[in-house]
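Below are my notes on this model, set out as numbered points. Please read them against the sequence and the coordinates.

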Amino acid sequence: MTKTGRINSRLLIRGVELCVFLGWPEEERVEGQVVLLDMEIILPTPPSACVTDQLQDTFCYTDIITALHEKLQTRVFKLIEHLCYEIYQLVKPTLPVEAKLSVHITKHPKIQGLTGGVSFSYEDEK
């Protein structure tokens, strides 16, 4: 606790490239396509690693990313909404109970005139 009140901590994981079989038409799901994953993890109590500088006192984002690559490599998704939900379901149990999680997926479908992609988020209430 500081003089100004409670301290939250936040870990942002940005631009994780995931190769997934995704798309509504079957032909779009034939080959894997790259989507970008951004996650935000809010911890109302900062991990003790802030003080100790030890990995065992926090959670390892490398482990989270590696597990996602492994678990998603053979899965097939028709909708970005379902993919985002499934990623949330995979990550949430690995975090401290009080942590808030936001999962954000961006896909770049081949649609004429669409230059920024399409994104969907699934998240805990903040």
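1. Helix α4 is a reasonable place to start. In this predicted model, the buried residues of α4 are Ile-80, Leu-83, Cys-84, Glu-86, Ile-87, Tyr-88 and Val-91. The list includes a charged side chain, Glu-86. As background, residues three or four places apart in an α-helix point the same way, because there are 3.6 residues a turn.

2. What covers these residues? The cover over the buried residues of α4 includes the strands β1, β2, β3, β4 (100-107) and β5 (118-123), together with helix α3 (61-72).

3. The length of α4 was also checked. The helix covers residues 80-91, twelve in number, and at 1.5 Å a residue it should span 16 Å. Its end C-alpha atoms lie 17 Å apart, so the model agrees with the expected value.

4. The sheet named in the cover is open and made of five strands, in the order β3-β1-β2-β4-β5, with mixed pairing. Its edge strands are β3 and β5, each of which pairs on one side only.

5. Strand β1 (residues 9-22) pairs with β2 (residues 33-43) in the antiparallel sense, over ten bridges. Within this pair, Ile-13 of β1 stands opposite Met-39 in β2.

6. On the β3 side, β1 and β3 (residues 76-77) run parallel and are joined by two bridges. Here Phe-21 stands opposite Val-76 in β3.

7. How many bridges join β4 to β5, and in which sense do the two strands run? There are six bridges, and the strands run antiparallel. One of the pairs is Thr-106 with its bridge partner Ser-119 in β5.

8. For the fold as a whole, the secondary structure comes to four helices and five strands. From the N terminus on, the elements run β-α-β-α-α-β-α-β-β. Among contacts with a separation of 6 or more, 59% are between residues 24 or more positions apart.

9. Overall dimensions and burial are as follows. The C-alpha trace spans about 55 × 30 × 20 Å along its principal axes. Of the 126 residues, 34% are buried. The protein exposes about 8300 Å², and carbon and sulfur atoms supply 53% of that area.

10. Last, the charges. The protein has 13 positive and 17 negative charges, and the mean positions of the two sets are 5 Å apart.

Key:
Residues are numbered from 1 along each chain as its sequence is written. This is a predicted model: local features need pLDDT of at least 70, side-chain atom pairs count only at pLDDT 80 or more; totals for chains, interfaces and linings use all residues. Side-chain values use heavy atoms; hydrogens and water are left out. Two strands pair if DSSP finds at least two bridges between them. The expected span of a helix is 1.5 Å times one less than its number of residues. Buried means under 20% relative accessible area, exposed over 50%, partly exposed in between (1.4 Å probe, protein chains only). Contact means heavy atoms within 4.5 Å. Accessible areas come from the Shrake-Rupley method with a 1.4 Å probe; for residues, only the protein chains shown count as cover. Lys and Arg count as positive and Asp and Glu as negative; His and the chain ends are not counted. The place of a charge is taken as NZ of Lys, CZ of Arg, CG of Asp or CD of Glu.
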